[in-house]
Structure formats: C-alpha cells, structure tokens
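Please read the following report beside the sequence and the model. The text turns first to charged side chains, and then to folds, surfaces and a buried contact.

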Amino acid sequence: MHDTDRAATGTAPPQDAPGGATDFLDGNALAGVLAELFAVDVTTATSRCAHCGSSGHLAALRVYGRAPGLVARCPHCSEVVLRLVRTPQDMWLDMRGCTALAVPMAPA
Amino acid sequence: MAVISRGFHGRRPEPGRTLPPGQYETRDFPVLSAGPTPRVDRDRWQFTITTETGARHAWSWPDLMALPSESPTVDLHCVTKWSKFGTTWGGVSLDTLLADVETEAGYALVDSYGGYTTNLPLADLRGGRAWIAHTYDGADLAPEHGGPARLLVPHLYLWKSAKWVRGIRLLTRDEPGFWESAGYHSYGDPWREQRYQGD
C-alpha cells in the first residue's frame, strides 16, 4: 500500500502504538541478524528507499520485530525497505524496497 | 544448582483442549504487527471482493452492519507458537459475502489497509470457516487487533487472519502474500505444523 492509497481510503498517517509507546526499534536492531549474512556491519551502510527515494543509514530504519520476521520500514514514508525471516533451514532477505546499498569500505 | 524457569511456555491446556504441535497456551492476547497500526475511519471504510474477471463487489460499513452477524467462538494459533483458546468474535460470514459473487477462481489474495497481504485457497473462506470480524469479546474490534474489521480464518495460522482487511482478490493462480513470499508456508495449517516453506 502506498501513501496515495492511504489518502484515498481515509487511513491516517502512520502512528505508533496506542498510548504513545513506540512499537518499533531503530535499525541497529538489524545488526545481529545481518552479521550472520554480511562480512561487514551494514547498519552503517546507506540505502535508498525504492518507494520515496530518500536515503539514510540502515540504522535509521524503523524495525518492527513483534512479528513472524523483522520488517524494516523507511522512516520517511513507512514503506517496507527490507524483511528478514529466519526459518530452521534458511535466512530469507527481501530487499525489494531498497534500490541501492552503499557500504563503507577501506580504501582499495 | 541451576534454576530453570519454564515460564508460561510450560502452561498445559485445560482438560479437553488440545494444542497443535509446537504450540503453547497464552491467556492474554499478544499484539503482533509488521508496521504502524492503520487508523481507518468507519465512514470511509470499504471492503471489496474482486473476481478474476474484474467484477467488483463493495460494502460500506453500514452495508456490512446490515448483513446477518454471527458470533463464532474459536481457538487462535499464531505461527510464533502461542495459542489462545475460546475467543469470541462478531462478524459476517464469508459465505454471506460470497453468496452473489460468480467466480471460477480457486485462490484468494487478501489485502489490508496498511499494505499487508496474505493468500489462501478460496475454499478455505467458505463452509462457515471464515468471517469479516468487527467485534471481539463483545466490544468493537480495537485497532491493534485489526479494527475496524479483520479477516478471521481460525483453522489456519493467525497470519492468514489479516488485520485491517480491505479487500479480497479472487485469482485463478495462487499468489504469495506478505509472509508467504518471505519463507512462510503457502497454506499454514497449524495441525500439520506448516510454518515454513517445505514443512
């Protein structure tokens, strides 16, 4: 669902949980599970949101973890940037909401 | 000596109640969410069923309230391993909503306000096994539990019971939803412990 849908259907902008408590963590919550996949800490990498085009560190994403997997959303448009699901056999990484990932590297 | 707490994971169900494999009982109602909780105004709420030919059937909130309501009491089984017995809901049977829908489709893709999707065979929405639920435990369904209305299809894992339901697309080919496209089982029968693809 995109923001245009939200406007058309009367859904209010994204809100936190009732009572004002946040129901998400920042992107540093991705560090442990991504460290199982990548040789470098990618939470300091810069990603570009495929939905709104904004760029920022993965650590700045909003991570919803009270779910069957980790869902990281753009802090600007709230669309899904990446998803991680750990099954008994596999790690599923869906990055369809990320058009580019710039990872800091030592000079070549 | 090490002290090992079994915690609430060790709760045994009451006599006469059986847990699916790998599940434990909880008495509260955990809130799981993959994103911000949508706030959907009832006066702008709409539910649609769209067939494989593009025919569109739509209900406003007053339309839904005018339909016969049922009060199922069902057990819930979440893929994150908690189960909750004896939950009471109010809602409209999908049999009622599908009664005048002509379709040859075999599959359904459910979509929600907020962007969530989930897929299941159309047959699982029929036969008195699925509802558009608008009340829980005698009160309006709270937003954190999917209000104003959610799909309730309790014979499958709870991720199939889409919160904030907006519509159902009827399809001739199965199309994976939000979790089904990220490693979770396409069908999700808790009694066969179909949590992940390949189970």
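Over all chains, the count comes to 11 salt bridges, where a salt bridge is a side-chain nitrogen of Lys or Arg within 4 Å of a carboxyl oxygen of Asp or Glu. This is a predicted model, in which local features need pLDDT of at least 70 and side-chain atom pairs count only at pLDDT 80 or more, while totals for chains, interfaces and linings use all residues. Residues are numbered from 1 along each chain as its sequence is written, chains are lettered from A and ligands numbered from 1 in the order in which they are written, and side-chain values use heavy atoms, with hydrogens and water left out.

Side chains of opposite charge can pair when their charged atoms come close. The table gives some of these pairs in chain B.

| Salt bridge | Closest N and O atoms |
|---|---|
| Asp124(B) with Arg129(B) | 3.9 Å |
| Glu180(B) with Lys160(B) | 2.7 Å |
| Arg169(B) with Glu175(B) | 3.9 Å |

How open these residues are to the surroundings can be described by relative accessible area, with buried meaning under 20%, exposed over 50%, and partly exposed in between (1.4 Å probe, protein chains only). Asp124(B) counts as buried because its relative accessibility is 4%, and its partner Arg129(B), at 34%, counts as partly exposed. Both Glu180(B) and Lys160(B) are buried. That pair links distant parts of the chain, 20 residues apart, with Glu180(B) in the segment after β11 (165–171) of chain B and Lys160(B) in the loop between β10 (150–152) and β11 of chain B. Arg169(B) is partly exposed at 36% relative accessibility, and Glu175(B) is partly exposed with a relative accessible area of 33%. In chain A, a network of salt bridges links Arg83(A), Asp94(A) and Arg96(A).

Helices (H or I, at least four residues) and strands (E, at least two) are DSSP runs, numbered from the N terminus. Chain A has two helices and eight strands, and from the N terminus on its elements run α-β-α-β-β-β-β-β-β-β. Of its 108 residues, 40% count as buried.

In chain B, five strands form an open sheet in the order β3-β2-β11-β6-β7, with mixed pairing; two strands pair if DSSP finds at least two bridges between them. Because β3 (56–60) and β7 (117–121) of chain B stand at the edges with a single partner strand each, one side of each is left without a neighbour in the sheet. Strands β2 (residues 46–50) and β3 of chain B run antiparallel and are joined by five bridges, and Thr50(B) has Arg56(B) in β3(B) as its bridge partner.

On the surface of chain A, Leu37(A), Phe38(A), Val40(A), Leu93(A) and Met105(A) make a nonpolar patch of about 410 Å². Patches are made of residues with over 30% relative accessible area and no salt bridge, like charges being joined within 9 Å and nonpolar side chains (Val, Leu, Ile, Met, Phe, Trp, Tyr) within 5 Å, and accessible areas come from the Shrake-Rupley method with a 1.4 Å probe, for which only the protein chains shown count as cover for residues. Met105(A), in the segment after β8 (98–102) of chain A, is exposed, with a relative accessible area of 62%.

Is Thr87(B), by contrast, buried or exposed? Thr87(B), which has its place in strand β5 (residues 82–93) of chain B, counts as buried because its relative accessibility is 2%. Its side chain reaches the backbone oxygen of Val74(B) at 2.7 Å.

Conventions:
A polar contact is a pair of N or O atoms within 3.5 Å; within protein, one must be able to donate a hydrogen and the other to accept it, and residues adjacent in sequence count only if both atoms are side-chain atoms.
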